Amino acid sequence: MKWLPRPKFIYVSPWLLAAATGLLVLIVVTFAVSNISREKRLMTNAMLQKAATLNRFISSGAKASYISDLQHGIWKPDPWQAHVQRIINHLSDDPDLSFIAVINGKGKILAHSIPEKCGTRFSLKLPVDLARRTMQGRYVYTVIPQKKQGRFLEVIRAYTPFQPVLPGIPLSMQELHKRFTLPFALESLLTAPDEYYLIIGLDMKSYDKALDRLRFQVFMLSLAMLLVGIGGWLSLAAVQGYRVSRKALQEIQAFTGLLISKLPVGIIATNTEGRITTWNNAVSQLLNLSASQAIGKKPEDILPAELALFFSGKVECKKVEKEQGGCEIRLAMPEGEIVLSCHHLRIADTKQHPEGEVLLVSNMTALKNLEKEMRETERLAAVGRMAAGVAHEVRNPLSSVKGLALLLQRKFAEKSNEHETATLLIQEVERINRTISELLSFARPAPLELTKVDIRQLLERQIKLLAADRASDGIRFVLEASDDLCPLAADQDRLNQVFVNILLNGVQAMGDGGELVVRAVNNSEDDSVVISVADSGIGMEKDTVSQVFFPYFTTKKGGTGVGLALSQKIVNEHGGTIEIHSSPGRGTVVTVTLPIWKEE
């Protein structure tokens with residue numbers, strides 16, 4: 001890498017300096033205004049808190065004064081205004097208090113820090129919508145300027161007088177007569193209760209003095225910040241010629257390092273000694289190895305063998321892979337197999353001397369899975385096309401078979417074996433017809449007709465049907481079902497189709513005879529029933545098990561490869577699961593989990 005030449009002189013434009021100074025002034029002014037506004041809010045909130053404290057003190061003091069009169073044997077206490085006036089008189093010595101007044105809705109003063117004003121009208125103008133603004137105990141405040149006394153903060157809040165009714169205290173005959181006469185009763189019903197407001201005026205002299213001090217302090221601090229900023233800018237302009245080349249180099253290195261670390265493509269680079277010098281985050285995530293574990297080591301000491309071969313030059317990519325931009329390899333990781341696309345590069349300087357090697361690694365697992373899903377979708381589409389042909393070729397012969405079976409059924413007595421056989425034949429023809437309909441709707445789930453299904457009876461019926469088939473000769477059927485087996489919430493016809501496919505596959509896997517064990521138990525953990533079908537057949541390889549649910553995939557001669565795919569679809573529609581576990585020579589176990597029936 002070439003080093004940038006060190007500049008001898010850096011010219012700083014006066015316009016650039018002016019713009020920077022203007023920006024700094026704007027920042028300082030914004031800071032000053034923000035500070036002053038914040039302090040004003042804090043000081044205003046403090047004054048409102050004091051007003052709230054005075055409000056609570058007056059309310060509780062008036063109440064305490066009233067109770068004190070009762071405790072001293074005064075059974076006919078003074079009106080509430082007198083008690084409020086007593087408390088206000090105690091507060092009039094506060095130097096920060098301009099006045100306290102209690103007025104009614106018409107502006108008449110009922111109590112005041114200057115007792116002579118009681119009974120007069122309040123001199124200051126009140127807000128027009130005062131009643132609405134003081135609803136729910138909210139404060140209304142404003143700053144009132146005055147020439148002689150200076151500014152004060154007027155805080156208004158709705159006031160509810162304390163006027164308890166004391167039961168058991170006798171009234172005079174005159175008061176009783178007054179309370180129960182018709183005019184007084186009508187007046188009390190027709191007259192709306194009056195509204196009262198407590199107005200507190202707080203002197204703002206100390207507030208203004210503190211604000212002036214704050215403004216002076218902010219001004220001095222802003223001036224100092226401005227001077228420091230200008231001095232710093234001038235200093236920066238003086239030394240930037242020395243630092244510009246080093247800063248440029250650092251920025252390039254930082255950008256390169258950040259770019260490499262953040263790239264979604266894994267990068268592994270080695271130096272001329274063959275040791276790893278670059279290891280980004282993408283490689284760490286792919287291989288579960290940190291950079292500290294890999295830096296300084298040789299590729300063969302830390303990398304999987306499939307990747308280490310690239311640095312030894314022993315990997316030969318296929319022509320198609322080279323055209324696509326890299327070699328494709330598969331790695332077995334603890335969480336599963338991953339597919340990687342690798343591209344190897346040799347780095348040389350301008351004189352073609354080797355400087356090292358770079359391996360670019362891309363995770364193609366998600367893309368491969370997507371391709372797999374697309375192939376499965378194509379298979380499902382093929383099932384739909386095949387279903388139309390099956391329906392056309394099979395339904396007409398089925399109609400004839402069903403007609404003949406009905407004719408045979410009528411010719412035999414109802415309880416004879418022949419009649420039952422014909423009935424069974426009709427039922428199976430109808431089930432085959434329904435299976436054809438399922439093929440037609442393979443790609444579109446049809447609505448389930450959920451009923452309460454006894455899974456034990458269903459399995460017994462299917463086993464009995466298979467045991468009567470000659471193909472199952474030499475096979476022993478075993479049903480192990482719990483006595484308290486819960487009923488299933490399922491579509492019985494579709495469930496028949498699932499277990500016919502599973503049991504028939506087990507029978508066909510044991511051509512020379514064996515034992516087919518069907519177990520059904522309750523699973524209380526997730527309110528389900530687990531049905532397992534285990535055969536003693538030849539079993540399957542791992543690759544075969546991974547494909548058994550694909551449409552048209554089959555290992556049986558003459559098989560269609562549709563049965564298990566349809567079974568998986570039906571079980572999934574029921575909200576259940578189906579799994580297959582198998583190993584060569586040890587048979588196969590198919591496990592189906594289905595939800596139980598719930599009365600609600």
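These notebook entries record what I looked up about salt bridges in this predicted model.

Entry 1, ground rules. I numbered residues from 1 along each chain as its sequence is written, and I used heavy atoms for side-chain values, leaving out hydrogens and water. Because the model is predicted, I required pLDDT of at least 70 for local features and pLDDT 80 or more for side-chain atom pairs, while totals for chains, interfaces and linings use all residues.

Entry 2, the count. I looked up salt bridges (a side-chain nitrogen of Lys or Arg within 4 Å of a carboxyl oxygen of Asp or Glu). The structure contains eleven of them.

Entry 3, R494 and E573. I found these two residues in a salt bridge, with 2.8 Å between the closest N and O atoms. The pair links distant parts of the chain, 79 residues apart: R494 lies in helix 15 (residues 492–509) and E573 in helix 17 (residues 563–573). Here a helix is a DSSP run of H or I with at least four residues, and a strand is a run of E with at least two, both numbered from the N terminus. I noted R494 as buried, at 8% relative accessible area, and E573 as partly exposed, at 22%. Buried means under 20%, exposed over 50%, and partly exposed in between (1.4 Å probe, protein chains only).

Entry 4, R519 and E480. I recorded a salt bridge of 2.8 Å, N to O, between their side chains. R519 in strand 14 (residues 514–523) and E480 in strand 12 (residues 475–481) are 39 residues apart.

Entry 5, a network. I saw that salt bridges sharing partners join E328, K368 and E371.
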